[in-house]
Structures are given as structure tokens and as C-alpha cells.
Amino acid sequence: MNNRILNSILTVFAGLAGLSGAWYVGFPAPALTGPALMVTLLCLAGLNAIVPNFLRNACFVIIGLSMGTGVTPQVLETAREWPISFVFLAASIVVIFIGCKWMLQRYWKQDRPTAILASTPGHLSYVLGLSATTKGDIPTISIIQSTRVLALTLLVPFAVSMLGYDTTQMGLPGAQMTPQIVAVSALLALGLGFLLNLVKVPAALLLGGMLFSTLTHMSGLVEGHVPQWAAIPAFVIMGCLIGSRFAGASLTTLRKALGAGLALTAVALVVTIVFAVLLVQFVDLPLPQVLIAFAPGGVESMAAMAVIMNADPTFVAAHHVWRLVILTFLAPIMLARSGGPKNGDEDAGSP
């Protein structure tokens, strides 16, 4: 057995152990937070955590299908309140971005490109791609961004539970899809996800699953939620993915970036809570749902959290996609203002 297969098996078993421990001690969203924390700790202890691509893809599709099963005509009626919510989200993104960039430059003495990219609240793969075209410190950017995703995955469920909501359930209640329907839906949604990926849609497999499930449920072709035997493993794999981002991180980089990552996460969480509380003064939306939609964690991890906490999946997905759209333009603009790479620069990377 080669090392990659062994590390993949160890990663999955670590995730399952994390689920068991988190459920036993009463962690909120245990299927997500337990594996994320356990795999992170093992990575910091030296495990080269690996989640195979086929498990990652299956995880995204199943979470997407789970989101789609919660879409109803009543849910879509609330869409009229989304424009003002989009405005509040955009404002919170700008505040987080500017505030965190200032902190990194002032207190951690980071150069401007590194501060800009490390402060970008989301869009991790895109940010790392941009970092390759600048003189930014890529390991530091990666650790700070990964810390943000992990910390928000752990903190948002606790924040929601402190509001008095049940965050211990795993999977959605009610009628469930049959195994045959789950299998066929997953295969067709996977195909749709690959098509979306060809046209560069972000989180393509997740959105493919959600779109397919939404259409089939709204049309009446399919009824019921994704059963727990499929949903819980998907949440566990999502948690493993979050933790695996710390695999291979050097102690030097961790010492340098971990404190900054935690400080920036605290700022992001406070700003998110403030803007979410302000928004619910103007619109009739549940505060926990707004928190999940506004929290600048990973798209897939926040989507999984929406399913676990039975939040409006379309609202959460739409806001996280909107966040990615904003960051797609905001980050390059900020880099350009900082005197980032220009045509002909030796550090500009490939065109």
C-alpha cells in the first residue's frame, strides 16, 4: 500500500473519529466541526492528510443535492428581500477587506500584496492563483486563509447555538429519497457540475448538485431529502477537506501566520455579526441564516452548514456566489492600486 492511499485512509478515519468525539461532547454541527478540528490537529502533528478527488467530488455533489431539496415556492418568495441583503453583504466584505489589510500591515508588518491577498475574505483558490503573479508570501497567505476557513467553520455553529437554535442535528428531517433516486440524481448532478466547471462557474459541482436537485424537486419529479447515510459522510469529508489544508505547513510558517489568521478571523466574525444584526432590522429574515450567508468561510463549508442547520439554501448559496463575484473584481483592483505586477515584470507569472 503506497503512502497516498494510506494517508487517505488515515484522513477518513480521523474524520470519523472527529465526528464521534464532537457528537459525544455536544459540539454544534458535529459532522462538520469534529472532522475539521481532528484532521487539522493531526496535520499539525505531521499527518499528510489527503482527500481523494473522487471523495471530494462526491461530497460536493451530495451537499449540493441536499441544498436543493430544501427549495420550495415559499423559500423563493423571500427572494424579493435579497437585493438589500446583497448590499449589506458587499459593505461587510469591503469593511473586512480594508480592516484586515490594515491590521496585517500595521501589526504583522506584511508587505502590501501579501496583506491584500491574505485579507481577501474568501475565494481561496482564486487568491492563491493571484498570489503566484505577485511578490506576495504564498505560504503565509495560504495559512492565514486556511485559518479563516477553519475558524469560521468552528465558530459560526457556536454563534448560532448561542442564539438558542438547535445545531446538533445531522441531515434534514422529513421524507427521504430512495437509494436509487440518490444514485441517479448524484450521477446526473455530477455531469451538470462538470459542464458548469467547463465554463468556469465557481463551486461548480456544489452548484450543479443544487441546481439539479432544485429543478427536480420544484417540478415534482423527485421528493424527499438526501438521507443521513449519504449526507453525514459528505459532511465528514467536507470537514476533512478543511483540515487537510494544513497538511505540510512548516512550523516557521505556522508561527508567523497563525496568530494573524486568528486575529483576522475575529475581525471578520465581528463584522459579519454586526452587519447581519443590522440587516435583520430591515428585513424579515432569521439571524442564523444571515450569519451563515454572510460568514466569509469556504463556499462548500458554509453550504454544508446551511444544510445541517436547515437554513434557506438558495439564500445562502446566492450570497456566497455574490461574495465570489465581488472578490473576483475587488482583489485585482486592490493589487493594481498597490503597484502589482505589470506586463513584462519578471514576477508577473504566465499571461
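## Close-up views of a predicted model

**View 1. The lining of the largest cavity.** Lining the largest cavity are Ile-96, Cys-100, Ala-118, Ser-119, Pro-121, Ile-144, Gln-145, Arg-148, Leu-264, Thr-265 and Ala-268. The model shown here and in the other views is predicted. The volume of this largest cavity is about 60 Å³. At least two lining residues come from each of helix 5 (82-107), helix 6 (112-119), helix 8 and helix 12 (251-279). Sorted by class, the lining of the largest cavity consists of seven nonpolar, three polar and one charged residues. The structure holds two cavities of 30 Å³ or more; the other is the subject of the next view.

**View 2. The lining of the second largest cavity.** This second largest cavity has a volume of about 40 Å³. Its lining is made up of Met-67, Leu-206, Leu-207, Val-299, Ala-303, Val-316, Ala-317, His-320 and Val-321. Helix 10 (204-219), helix 14 and helix 15 (313-337) supply at least two lining residues each. Helix 15 gives the largest share, four residues. By class there are eight nonpolar residues, one polar and no charged ones in the lining of the second largest cavity.

**View 3. Helix 2 and what covers it.** Helix 2 spans residues 30-44, 15 residues in number. From first C-alpha to last, helix 2 reaches 21 Å, close to the 21 Å expected at 1.5 Å a residue. Its buried residues are Pro-30, Ala-31, Leu-32, Thr-33, Gly-34, Pro-35, Ala-36, Val-39, Thr-40 and Cys-43. The cover over these buried residues includes helix 1 (3-25), helix 8 (138-162), helix 11 (228-244) and helix 14 (299-308). Just after helix 2, Gly-46 takes a positive phi of about 120°.

**View 4. Met-238 in the largest nonpolar core.** The largest nonpolar core has 104 residues. Within this core, Ile-63 and Met-238 have the most contacts. Leaving aside residues up to four places away in sequence, Met-238 touches Leu-32, Cys-59, Phe-60, Ile-63, Glu-300, Ser-301 and Ala-304. One of these partners, Leu-32, is also among the buried residues of helix 2.

**View 5. The surroundings of Thr-272.** Thr-272 lies in helix 12. Thr-272 counts as buried because its relative accessibility is 1%, under the 20% limit for that term. Its contacts, not counting residues up to four places away in sequence, are Ile-96, Leu-291, Phe-294, Ala-295 and Pro-296. Ile-96 also helps to line the largest cavity.

**View 6. Ala-29, ahead of helix 2.** Ala-29 is in the loop between helix 1 and helix 2. Although Ala-29 is not a glycine, its phi is positive, about 45°. With a relative accessibility of 0%, Ala-29 counts as buried.

**View 7. Lys-200, ahead of helix 10.** The loop between helix 9 (179-198) and helix 10 contains Lys-200. Lys-200 is a residue other than glycine with a positive phi, near 65°. Lys-200 counts as exposed because its relative accessibility is 72%, over the 50% limit for that term.

How values were computed: Residues numbered from 1 in each chain as written. Predicted model: local features only at pLDDT ≥ 70, side-chain atom pairs only at ≥ 80, totals over all residues. Heavy atoms only, no water. Expected span 1.5 Å × (residues − 1). Buried < 20%, exposed > 50% of the residue type's maximum accessible area, 1.4 Å probe, protein only. Contact = heavy atoms within 4.5 Å. 1 Å grid on protein atoms, 1.4 Å probe; cavity = no way out; pocket = protein on both sides within 12 Å on 5 of 7 lines; lining within 4 Å. Points joined across faces, edges and corners; volume = space filled by probe spheres on them. Nonpolar A, V, L, I, M, F, W, Y, C, P; charged D, E, K, R; others polar. Core = buried A, V, L, I, M, F, W, Y, C linked by side-chain atoms within 4.5 Å.
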